[in-house]
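Me: Hello! I'm in my first year and still learning to read protein structures. Could you walk me slowly through the part I ask about below?

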Amino acid sequence: MIDDNFMNEIIYAIAPYVENRDLSDIRMRLAITLSNYDVRKQETELIPYEGDVNIEILKRFLMAKTARGLSKRTLELYKNSISMTLAKIGKPYSQVTADDIRLYLAIRVNRDGVSKTCANNERRNLSAFYTWLQKEEILIKNPMAKVEPIKETKKKKKAYTNMDLEKIRYACEDEMDRALVEVLISTWARISEIASIKISDIDGNKIIVHGKGDKYRMVYLTAKAQLAIKAYLEKRNDDAPLLFPKGRPAQELIKSGIKTKDLHLWWT
């Protein structure tokens, strides 16, 4: 039987060169091919490795998540968040207690001044890490099981009015801006989904978008959005497959007083 860690290392090494959605199939085919071989780790060191155990176990965690097909962005978030948390706690992962984590979160909110939402995100990332450790039987107990989520003050979000939407439309400077805004307004898709739309994904008033969790879903375009896209594509003089191959910061688009943090128009 092929060791999971060995398989994860292979997937982790080839991940940058293939689409994430292909990794599960590649892993399955590798498992079948290698099932007839006895592969063992070669021990070449005279003295056992005594490096940073947190770095080593985090690497294994990321390998496992890569093999599951998580996006590069998600993997980077896990890496940065968990490594920072463990470094600030200052203990090997196996010695971290629920009290250590509670103290860390309290310091983040009360001394470092981060929002409760940010602290909760860090807690969720650490929980994913320790849940994996327990599932893999690397640890018997999960310290995160005793750590409650931080209570956040929920703010009621104000919906855009028709006047707000018209102000956004009025701020558009060219066909690309207009097409982008109309796609946002008609689909309310995530920015990452809109940024990955290919022209070939559009079928009349329907678009297939690639969303979170490597899942596809259908969104719909209004007549106004379809006309805006048609006018925009007629102005295009390139053969880029993406509908919006290049965006620009929202600050350049919004001149009407609408807050950029509410509009979410960032990508490259």
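I'd like a close look at the packing inside this protein, and the reply below takes it step by step. Which residues of the largest nonpolar core touch the most other members?

Reply: Happy to help! Please keep in mind that this is a predicted model, and that the values below are computed from it.

Let's start with the whole chain. The protein chain has 268 residues, and 36% of them are buried. Its secondary structure consists of 12 helices and 3 strands. If you look at contacts in the chain with a separation of 6 or more, 60% of them are between residues 24 or more positions apart. The outside is mixed in character: of an accessible surface of about 18,100 Å², 53% belongs to carbon and sulfur atoms.

Now for your core. The largest one contains 29 residues, and the members that touch the most others are F61, I82, I101, L126, F129, Y130 and L133. Four elements each give two or more residues to this core: helix 3, helix 4 (72-89), helix 5 (98-110) and helix 6 (116-135). Helix 6 supplies the largest share, with 7 residues.

Let's zoom in on Y130. Beyond its neighbours within four places in sequence, Y130 is in contact with L86, Y93, V96, L139, N142, P143 and M144. Keep L86 and Y93 in mind, as both come back in the next step.

That step is N54, which sits in helix 3 (residues 53-67). N54 has a relative accessible area of 12%, so N54 counts as buried; the cut-off for that word is under 20%. Setting aside neighbours within four places in sequence, the contacts of N54 are L86, K91, P92 and Y93. L86 and Y93 are thus on the list for N54 and on the list for Y130. With Y93 there is also a polar link: a polar atom of the N54 side chain lies 2.7 Å from the backbone nitrogen of Y93.

Is that the whole story of the inside? There is one more place to visit. Apart from the largest core lies another, with 19 residues, including A189, I191, I229 and Y232. I191 belongs to helix 9 and, at 19% relative accessibility, counts as buried, because the cut-off is under 20%. I191 and G211 are 20 residues apart in sequence, and their C-alpha atoms are 9.7 Å apart in space.

Helix 9 (residues 191-195) also holds E193. E193 is buried, with a relative accessible area of 0%. Its side chain is joined to the side chain of R217 by a polar contact of 2.7 Å.

Residue 217 falls within strand 3 (216-220), which brings us to the sheet. The 3 strands form an open sheet in the order 1-2-3, with antiparallel pairing. Strand 1 (202-203) and strand 3 are at the edges with a single partner strand each, so one side of each has no neighbour in the sheet. Strand 1 pairs with strand 2 (residues 206-210) over 2 bridges, and D203 stands opposite K206 of strand 2.

Finally, a word on cysteines. A disulfide is a covalent bond between the sulfur atoms of two cysteines. The whole structure has 0 disulfides. C172 is buried, at 10% relative accessible area, whereas C118 is partly exposed, at 29%.

Key: Residues are numbered from 1 along each chain as its sequence is written. This is a predicted model: local features need pLDDT of at least 70, side-chain atom pairs count only at pLDDT 80 or more; totals for chains, interfaces and linings use all residues. Side-chain values use heavy atoms; hydrogens and water are left out. Buried means under 20% relative accessible area, exposed over 50%, partly exposed in between (1.4 Å probe, protein chains only). Contact means heavy atoms within 4.5 Å. Accessible areas come from the Shrake-Rupley method with a 1.4 Å probe; for residues, only the protein chains shown count as cover. A polar contact is a pair of N or O atoms within 3.5 Å; within protein, one must be able to donate a hydrogen and the other to accept it, and residues adjacent in sequence count only if both atoms are side-chain atoms. Two strands pair if DSSP finds at least two bridges between them. A disulfide is a pair of cysteine sulfur atoms within 2.5 Å. A nonpolar core is a set of buried Ala, Val, Leu, Ile, Met, Phe, Trp, Tyr and Cys residues joined through side-chain atoms within 4.5 Å.
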